[in-house]
Amino acid sequence: MAATARVLLALATGLVTCAGFSPQLSPSSLSYLASSSSSSSSSSRLHVSFKNAPWGFESRLRPGGRQGRAAPLRLEMQQKLSREERLQTGVSNAQYKKVPAKRIRNFSIIAHIDHGKSTLADRLLEFTRTVPDRELQQQFLDNMDIERERGITIKLQTARMNYNYNGEDYVLNLIDTPGHVDFSYEVSRSLIACESALLVVDASQGIEAQTLANVYLALDADLTIIPVLNKIDLPGADPEKVKREIEEVIGLDTTDSVLCSAKAGIGIEDILKTLIEKTPPPLAREEEPLRCLIFDSYYDPYRGVVTYFRIKSGRIQKGDKIRFMNTGKSFLAEEIGVLAPTQQPTDTLEAGEVGYLIAGIKTVEDARVGDTITHEAENRRAPDALPGYAEAKPMVWSGLFPTDAADYDTLRDALSKLKLNDAALQFEPENSAAMGFGFRCGFLGLAAHGRRAGRGPSLSACTRLEREFDLDLICTAPSVVYQVKPMKGEAYFLSNPSELPEPTKREWIAEPYARLEMITPDEYVGPLMELAQNRRGVYKDMKYLVEGRTTIVYEMPLAEMVTDFFDHLKSRSKGYASMEYSLIEYRQNDLVRLDVAVNGEPVDALSFILHRDNAHGIGKELCLKLKEIIPRQMFKVCWLSAMVETSRGRRNCSRNRLRARSA
């Protein structure tokens, strides 16, 4: 009977779990009493009592039916808690609570990739009971599959948490930030909407390049920085060493830094306590004209654009006529509310609060990040917009072509839907003699163009298009935006290499340069400096941060970074180095266009712009690679040649014949 009791106990636990109760039961929470009658008895009963379970109930499992026949189990529950008590236990603490501005805390989490930002957000949501246990999952705020796979935040999220501290109710607004350096503008707008930032640093790895970049953005926004040392439970963790790094490199006082392990749930309460005590409350400016900062927006196919904003001054009510000050668009506030993290409509939001707006907006271009919301009426309109607004412009361009020409319309519709959620994405039709009909697409930054991007902003548009719209795409080599000065006329920007004027019709070409900062262990300084110099980098500075760690600064053409620079950086440093970059200016260089011809016919999709000194080597390497990829036939097919433009016309730098396959 003991074995039967164990089986029935396991079934009872499973049934309780399926009923929606928490399955985390300690051994002290379970006791059972099994009693059986004689073998001729028609039934036996197992009494299972969950004595110390937080929801408390008794169940009796009775194998019903006549002797010798199997019968289904019947679960009889006797509730020990009242309905009100059951509703208050195990239910989320996300209901909207109106609190004064002095008890509101707006904060963000900044960290390098894989330092535990998303996991820490999960623990905060769990500890404050913002999300019910049955709905909580890893990387809760990362909604996209590709975010979960690559462990990087692409689309920022917002969560409002209620927390009782010293007998008073506080509201903690977590404004998430994207997890890649290409989102520096979006990160800066998110940080301006906060009063403090949790600086999460891996206690086993220390300061990385993106850590510094985000800290500088937070300091520019005049935020209170709260150092948090994560992953202290790892065997290689050295919190004291990381504290010294933070003090020596950044200059922050780490005396009151918080030690935690987000995965193990250690130190979460200390983080909440520190947040409340050190984060300054927002200023109460309810009587001033309305000014709301937009820090994110996305497109909902049923409700239009949903805008996330932080109220800097004034108050907004449902039904108000509002105006976006930089775009000049006017709308009616059909719905406003808070994100906890699901949408909860309210009638009024005041200064200091974070919420969402639905106003029948058709495209995210009308609700750009960094814009200011105010009232439409002249007597209620703010005199000036919040500072810092800028339009996101694509810096990397690439061609997308469907492998099946019949999918052209599907690709166009897919790009149109993708653009609804990404105002920086631009695309235009392109026709290639080799590839057919496709689109020339512009993305936000480094390595954003597709599958080859290890981490990037439009994180792999190719991957998203293929997954979400079932497309098979060909992605051409990425190129940056060049500046060209023709012999007659003004200089203009050029994104498609095939449209570059002939050498006799242009004066000069300029390319964008970026300031590159690499942080690496000392033993990898030599290989990384060699990598940067081989990519036409200009050495600027080298600093020893702390013992064993060095930062190297170069100025490098952006075109040398958009393909495989990040992969080579990780390979040469065995994964220990990190990088951060920022665009600085355009510089004139001796640039030429390299064309690849098949049987004497140039293939425009394979054309790209590069420095004259690298043209011969890259052209030869490209032809040899194509020779390996193109399948052989039973006869000689074609000549492969790479041609570089000169002042006297085009010159072959490589020529290969695709030989016939042996019988």
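**Exercise 1.** Find the residue of strand S17 that is the bridge partner of Val338, and place the two strands in their sheet.

Solution. Step 1: the bridge partner of Val338 in S17 is Gln344. Step 2: strand S16 (residues 335-339) and S17 run antiparallel and are joined by 4 bridges; two strands pair if DSSP finds at least two bridges between them. Helices (H or I, at least four residues) and strands (E, at least two) are DSSP runs, numbered from the N terminus. Step 3: the open sheet has 8 strands with antiparallel pairing, in the order S15-S14-S20-S11-S12-S19-S16-S17. Its edge strands, strand S15 (330-332) and strand S17 (343-346), each pair on one side only. From one strand to the next the twist averages 40 degrees, where axes are lines fitted to C-alpha atoms and angles run from 0 to 180 degrees between N-to-C directions.

The model is predicted, so local features need pLDDT of at least 70 and side-chain atom pairs count only at pLDDT 80 or more, while totals for chains, interfaces and linings use all residues. Residues are numbered from 1 along each chain as its sequence is written, and side-chain values use heavy atoms, with hydrogens and water left out.

**Exercise 2.** Describe the hairpin of S6 and S7.

Solution. Step 1: strand S6 (residues 158-165) pairs with strand S7 (residues 168-175). The sense is antiparallel, over 8 bridges. Step 2: Ala159 has Leu174 of S7 as its bridge partner. Step 3: 2 residues lie between the strands, and Asn166 takes a positive phi near 55 degrees. Step 4: 7 of the 8 residues of S6 are buried. Buried means under 20% relative accessible area, exposed over 50%, and partly exposed in between (1.4 Å probe, protein chains only).

**Exercise 3.** Which residues of helix H11 are buried, and what do they pack against?

Solution. Step 1: in H11 (residues 525-534), the buried residues are Val525, Leu528, Leu531 and Ala532. Step 2: seen down the helix axis, they fall within an arc of 130 degrees, so they line one face of H11; the arc is that of the directions from the helix axis to the C-beta atoms. Step 3: these buried residues pack against strand S28 (506-521), strand S29 (538-546), strand S30 (549-557) and helix H12 (565-572), contact meaning heavy atoms within 4.5 Å. Step 4: just after H11, Arg536 takes a positive phi of about 65 degrees.

**Exercise 4.** How are Lys231 and Asp202 linked, and is each buried or partly exposed?

Solution. Step 1: their side chains meet in a salt bridge (3.3 Å, N to O), that is, a side-chain nitrogen of Lys or Arg within 4 Å of a carboxyl oxygen of Asp or Glu. Step 2: Lys231 is in the loop between strand S9 (224-230) and helix H7 (239-250), Asp202 in strand S8 (residues 196-202), 29 residues apart. Step 3: Lys231 is partly exposed at a relative accessible area of 23%, whereas Asp202 is buried at 1%.

**Exercise 5.** Treat the pair Arg612 and Asp590 in the same manner.

Solution. Step 1: the closest N and O atoms of this salt bridge are 3.0 Å apart. Step 2: Arg612 lies in helix H13 (residues 612-629) and Asp590 in the loop between strand S31 (578-589) and strand S32 (591-598), so the pair ties together parts 22 residues apart in sequence. Step 3: Arg612 is partly exposed at 35% relative accessibility, and Asp590 is partly exposed at 37%.
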